[in-house]
Amino acid sequence: MPTQRAEADAGPIRTDEARKKVLVIVEDEADMRAVIRAMLSADPRLEVVGEAASATQAVEIARTFDPGLIVLDHRIEGDITGLEAAPMLKAAAPNAKILLFTAYDMRNAAEQEPAIDAYLRKDSIAELLPLVQELLGLD
């Protein structure tokens, strides 16, 4: 079951003709990134513009694209975790919603981290697209 914080701002909308919501995926496993991308691509209003395996890569991508939402795994490459990277990502893309999407039971930690807007366990992957749509105000 997903957990989410309520906030008024649903993130930026790009001004291109499709007015797609821009997303970034931060996940160390390439196969899982592909699954997440495929699921999110089912909604033509969503555009995944970047993928990263580490926090360093993710911050650079977030600064470049100013995404509306970042799907963030907890276990990522490098010395810091996704939970630790969340404040850096929020600083790089202040309007982005950050969804902690992990295999671990981290509900309490996610709720305690102000940079995390929502939490979903990977065993609830069927709820990923509806939660992303809700976070971006597309439901």
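Salt bridges and a helix face in a predicted model

The side chains of Arg-45 and Asp-43 form a salt bridge, with a distance of 2.7 Å from N to O. The model that shows this pair is predicted. The two partners can be compared by how much of each is accessible. Arg-45 is partly exposed, at a relative accessible area of 35%. Asp-43 has a relative accessibility of 4% and counts as buried, because buried means under 20% relative accessible area. Side chains of opposite charge can pair when their charged atoms come close. By the rule used here, the count of salt bridges comes to seven.

Another of these pairs is made by Lys-122 and Asp-73, whose side chains meet in a salt bridge at 3.3 Å, N to O. Lys-122 lies in the loop between β6 (118–121) and α5 (128–135), while Asp-73 lies in the loop between β4 and α3, so the pair ties together parts that are 49 residues apart in sequence. On the accessibility scale, Lys-122 is buried with a relative accessible area of 18%. Asp-73 is buried as well, with a value of 3%.

A further salt bridge joins the side chains of Lys-90 and Asp-117, at 2.7 Å from N to O. This pair also links distant parts of the chain: Lys-90 belongs to helix α3 and Asp-117 to the loop between α4 and β6, 27 residues apart. Lys-90 has a relative accessible area of 19% and is buried, since the cut-off for buried is under 20%. Asp-117 is buried too, with a relative accessible area of 1%. Elsewhere, salt bridges that share partners join Glu-27, Asp-73 and Lys-122 into one network. The Lys-122 and Asp-73 salt bridge was described above.

Lys-90 leads to the helix in which it sits, α3. This helix covers residues 82–92, and its buried residues are Gly-82, Leu-83, Ala-85, Ala-86, Leu-89, Lys-90 and Ala-92. Seen down the axis of α3, these buried residues fall within an arc of 150°, so they line one face of the helix. What lies over them? The cover on the buried residues of α3 includes two helices, α2 (55–65) and α4 (107–112), and two strands, β4 (69–72) and β5 (97–102). Two of these elements have already come up in connection with the salt bridges. The loop between β4 and α3 holds Asp-73, and the loop between α4 and β6 holds Asp-117.

Terms used. Residues are numbered from 1 along each chain as its sequence is written. This is a predicted model: local features need pLDDT of at least 70, side-chain atom pairs count only at pLDDT 80 or more; totals for chains, interfaces and linings use all residues. Side-chain values use heavy atoms; hydrogens and water are left out. Buried means under 20% relative accessible area, exposed over 50%, partly exposed in between (1.4 Å probe, protein chains only). Helices (H or I, at least four residues) and strands (E, at least two) are DSSP runs, numbered from the N terminus. The arc is that of the directions from the helix axis to the C-beta atoms. Contact means heavy atoms within 4.5 Å. A salt bridge is a side-chain nitrogen of Lys or Arg within 4 Å of a carboxyl oxygen of Asp or Glu.
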